[in-house]
Amino acid sequence: MSETPRHRPVRVAVIGAGPAGVYAADILAKAQKKSDIEFSIDLFDRYPAPFGLIRYGVAPDHPRIKGIVKALHKVLDRGDIRLLGNVDIGADITAEDLRRHYDAVIYATGAIRDADLNIPGIELEGSFGAADFVSWYDGHPDYPRDWPLEAEQVAVIGNGNVALDVARVLSKHADDLLTTEIPDNVYARLKSSPATDVHVFGRRGPAQVKFTPLELRELSHSRDVDIVLYEEDFEFDEASDEAVKSNNQVKTMVNTLTNWLVEQEEREAQASRRFHLHFMHQPVEILEGSDDGKPTGRVAGVRFERMELDGTGNVRGTGEFLDYPCQAVYRAVGYFGSEISGVPFDHSKGVVKNEAGRVLTDDGEHIPGTYATGWIKRGPVGLIGHTKGDALETIGCLLEDVHHLPEAAEPAEDAVIALLESRGVEYTTWEGWLALDEHEVNLGSAHDLPAGAVLPEGAVRERVKVVPREEMVRISRALERAELSS
């Protein structure tokens, strides 16, 4: 294997312009300042707009988390990383194409699919994956514009941040989301939702929940929504007590929940909507409705087994079963990665086969010049900030290997552009994103409110997100078309 020649920069493609991909590209770009190696970095994404999970996987009412976009924006605005959006790896350009044009490829495609929940009734009408719902309310271009919000009682299964996001959006009044970037079609559908009670079910106790204090506290900020807790769910074992003593985050959440429980007993419920938090409930079956004795094929409730802590923080079944009526169920039990054509994949874990970020063959051998980072590398665990440390490990491996990378056959920067254009791919650029970004912000300030919408006094819409892919591409490429015609 020849050493990469020093008469040109090392060409690197990063696949995925979400936090994982941007962090990896940023770390690599900065690494060249500390060495004699120059890198030329292209950042690909299948969507016309960058930022991945932040744009299409975070609830619109998360201003602090959305603030991460500002940091990612600064990285891409420097100009030392080239963005190529609206390029579908595996369709528009293959893994073989990437190996021909780049000395190294880093896959940072994330995990966007719902993990399975294998219980009877999961296939019933009214049973949904939380990831699909998140993509809908975040205006994902590849999802339908409508969503069936017909249930008065909703069950959300899971005790992580996504479960709370889904339940909070379902329980909130639509007008209270108008100051966010929520698309008009999403606002209109949420406005007509008949939901009055949203239940979140976790299989362990309050000390074992997976959401963060910030997510939890945000629940209390929802207008006209009562938080409902159940004293019998507040079970603690030795491991729980130890977690409260040793972990400030756990202590904060347990204290918050306990305080809410006490306050609940001292006040009268008056809100028009209720947000129920249940612990120690493991789902065993989604129940089907019936009409005159005939099955409807629709969700009518969920059956849970009552759990108990076993002393280690884990749970065991009690043999007691409880049924809760509902007309819709959302499973928020985790995400799962999708296979990338031409890249070895572990179907049991939903990740690219790798060791410390070096992609491996089925026989465990490192594929030279091929790497992974983020959730497609380690699975959908940890918060967005953890992705930066993950990228450091992967880039560290690439830097160790840099003198032994296979040489790209067509490394010129314009070669991959010529390839995309020859295939009719309407790729978007950073300049195109700036145009789309400005357009969305202008829509927020100038756009007429949806019918029946009422903004809080003094509030403004921060932006209106453009949803259709073809419209995003049209706006992003308008500047380029204007330059070509002039």
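This report walks through selected parts of a predicted model.

## The annotated domain

Start with a stretch named in the UniProt record. The unreviewed entry carries the annotation "domain: FAD/NAD(P)-binding" for residues 11-181. Over residues 11-181, helix makes up 34% of the chain and strand 17%. The C-alpha atoms at the two ends of this stretch are 36 Å apart.

## The annotated binding site

The unreviewed UniProt entry also has a "binding site" annotation. It covers Ala 20, Leu 53, Ile 89, Trp 375, Gly 382, Leu 383 and Ile 384. These residues span 365 residues in sequence, and the farthest two C-alpha atoms are 25.6 Å apart, so they do not all gather at one spot. Which of them help line the largest pocket? The lining includes Leu 53, Trp 375, Gly 382, Leu 383 and Ile 384.

Two of the annotated residues can be viewed in turn: Ile 89 and Leu 383. Ile 89 sits in the loop between strand 3 (81-84) and helix 5 (95-101). Its relative accessible area is 16%. Buried means under 20%, so Ile 89 is buried. Beyond its neighbours within four places in sequence, Ile 89 is in contact with Ile 15, Phe 44 and Leu 98. Leu 383 belongs to the loop between helix 12 (375-378) and helix 13 (386-401). Leu 383 has 42% relative accessibility and counts as partly exposed. Leaving out residues up to four places away in sequence, Leu 383 touches Asn 161 and Thr 212.

## An open sheet

Next comes a sheet. It is open and has 3 strands, in the order 11-12-13, with antiparallel pairing. Which strands stand at the edges? They are strand 11 (281-291) and strand 13 (315-325). Each has a single partner strand, so one side of each is left without a neighbour in the sheet. On average, neighbouring strands of this sheet are turned by 30 degrees against each other, direction ignored.

Now look at one pair. Strand 11 and strand 12 (residues 294-309) run antiparallel and are joined by 9 bridges. For Ser 290, the bridge partner is Pro 295 in strand 12.

## Two buried residues

Where is Ala 453 placed? It lies in the loop between helix 15 (430-446) and helix 16 (469-485). Ala 453 has 15% relative accessibility and counts as buried. Not counting residues up to four places away in sequence, Ala 453 touches Asp 175, Leu 178 and Tyr 187. Ala 453 and Asp 176 are 277 residues apart along the chain, yet their C-alpha atoms are separated by 9.7 Å.

Arg 477 is found in helix 16. Is Arg 477 buried or exposed? With a relative accessible area of 13%, Arg 477 is buried. Its contacts are Glu 426, Tyr 427 and Thr 428, again leaving out residues up to four places away in sequence.

## An enclosed cavity

How many cavities of 30 Å³ or more are there? The count comes to 1. The largest cavity holds about 40 Å³ of space. Residues that line the largest cavity include Trp 136, Gly 139, His 140, Tyr 143, Pro 144 and Arg 145. Pro 183, Asn 185, Val 186 and Val 467 are also in the lining.

Note on methods
Residues are numbered from 1 along each chain as its sequence is written. This is a predicted model: local features need pLDDT of at least 70, side-chain atom pairs count only at pLDDT 80 or more; totals for chains, interfaces and linings use all residues. Side-chain values use heavy atoms; hydrogens and water are left out. Helices (H or I, at least four residues) and strands (E, at least two) are DSSP runs, numbered from the N terminus. Buried means under 20% relative accessible area, exposed over 50%, partly exposed in between (1.4 Å probe, protein chains only). Contact means heavy atoms within 4.5 Å. UniProt positions are given in the numbering used here, feature names are shortened, and annotations may be inferred rather than shown by experiment. Two strands pair if DSSP finds at least two bridges between them. Axes are lines fitted to C-alpha atoms, for helices over the stretch in contact, and angles run from 0 to 180 degrees between N-to-C directions. On a 1 Å grid over the protein atoms alone, a cavity is a set of points where a 1.4 Å probe fits but cannot get out, and a pocket is an open set with protein on both sides within 12 Å along at least five of seven lines; lining residues have an atom within 4 Å of a point. Grid points are joined across faces, edges and corners, and a volume is the space filled by probe spheres set on the points.
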